[in-house]
Amino acid sequence: MNGGPEIHITFATAEGIEAGKTKINARSVQVGMVEEVRLNEDLESVTVVAKLDLAATALLRDDSRFWVVRPRLGAGGVSGLGTIMSGAYIELQPGPGSPSNKRDFVGLEDIPTTPLSAPGLRLTLVGTEVGSLSQGQPILFRGYPVGNIEERIFDPERQQVRYDAFIKEPYHLLVSDATRFWN
């Protein structure tokens, strides 16, 4: 009766996640624990069943994000080194919306580069060539970093590359209908 909500998070893989051992953290504070990990019927994904602390209920919002923190090496550098000794954990980042009754979430495969609540401008850039841009790389204005690439996705139907980008405040005021981006 005093327990918090049970949530379900779908991931592509359960790498590093163990029932009864993997914690759920928000801002480096434990707010829950994984109770079960199961393979989904599609055999292409897994569902993590977790129990949150009652105090963490307000962190659940329609736009809350979850991802697994584990050691990673990428274009943005090395991250998650602290998990080498402690083991992987799931990070919960509440979105800017209001608390909700949502209990089923799709986990992110990569660590988000910018919190949803960060002030600025989110936009989508479309191109025909991938070039050298990848997640975490900076967006520069006259050589000064004003934002970053958050995600790169190839659309095979349109044969286009989509870049989700974020421009930090106050630099978002530099963006207009006439703004051009290039690699």
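How much area does the chain expose, and what share of it do carbon and sulfur atoms supply? The chain exposes about 11400 Å², and carbon and sulfur atoms supply 52% of that area. Before I go further, please keep in mind that what we are looking at is a predicted model, and that the values I quote are computed from it.

Let me stay with the chain as a whole for a moment. Its C-alpha trace spans about 55 × 35 × 35 Å along the principal axes, and of its 183 residues, 34% are buried. If we take the contacts between residues at least 6 apart in sequence, 61% of them join residues that are at least 24 apart. As for charge, there are 18 positive and 23 negative charges in the chain, and their mean positions lie 6 Å apart.

Turning to secondary structure, the chain comes to one helix and 13 strands, and if you read along the sequence you meet the pattern β-β-β-β-β-β-β-α-β-β-β-β-β-β.

I will take the seven-stranded sheet now. This is an open sheet with mixed pairing, and its strands are ordered S5-S8-S2-S3-S4-S1-S9. The edges are held by strand S5, residues 65–69, and strand S9, residues 104–106, and because each has a single partner strand, one side of each is left without a neighbour in the sheet. From one strand to the next, the twist averages 30°.

At the S5 edge, S5 runs antiparallel to strand S8, residues 89–93, and five bridges join the two; within that pairing, Trp67 has Glu91 in S8 as its bridge partner.

Further along the order we come to strand S2, residues 23–26, which pairs with strand S3, residues 29–39, in the antiparallel sense over four bridges. Here Ile24 has Gly32 in S3 as its bridge partner, and in the hairpin of these strands, where two residues lie between S2 and S3, Arg27 takes a positive phi near 55°.

S3 is also joined by seven bridges to strand S4, residues 46–52, and these two run antiparallel, with Val37 standing opposite Val48 in S4. The hairpin of S3 and S4 has six residues between the strands, and in it Leu43 takes a positive phi near 60°.

Let me move to the four-stranded sheet. It is open, with antiparallel pairing, and the order of its strands is S10-S13-S12-S11. Strand S10, at 120–127, and strand S11, at 138–141, stand at the edges, and since each has a single partner strand, one side of each is left without a neighbour in the sheet. In this sheet the twist averages 30° from one strand to the next.

The pairing I would like to show you is that of S11 with strand S12, residues 144–155, which is antiparallel and extends over four bridges. Pro138 has Asn148 in S12 as its bridge partner, and Asn148 is the residue I will finish on.

Is Asn148, which sits in strand S12, buried or exposed? With a relative accessible area of 12%, Asn148 counts as buried, because the cut-off for that label is under 20%. Leaving aside neighbours within four places in sequence, Asn148 is in contact with Thr113 and Thr114, with Gly136, Gln137, Pro138 and Ile139, and with Asp164, Ala165 and Phe166. Pro138 thus appears twice for Asn148, as its bridge partner and in its list of contacts.

Notes:
Residues are numbered from 1 along each chain as its sequence is written. This is a predicted model: local features need pLDDT of at least 70, side-chain atom pairs count only at pLDDT 80 or more; totals for chains, interfaces and linings use all residues. Side-chain values use heavy atoms; hydrogens and water are left out. Two strands pair if DSSP finds at least two bridges between them. Axes are lines fitted to C-alpha atoms, for helices over the stretch in contact, and angles run from 0 to 180 degrees between N-to-C directions. Buried means under 20% relative accessible area, exposed over 50%, partly exposed in between (1.4 Å probe, protein chains only). Contact means heavy atoms within 4.5 Å. Accessible areas come from the Shrake-Rupley method with a 1.4 Å probe; for residues, only the protein chains shown count as cover. Lys and Arg count as positive and Asp and Glu as negative; His and the chain ends are not counted. The place of a charge is taken as NZ of Lys, CZ of Arg, CG of Asp or CD of Glu.
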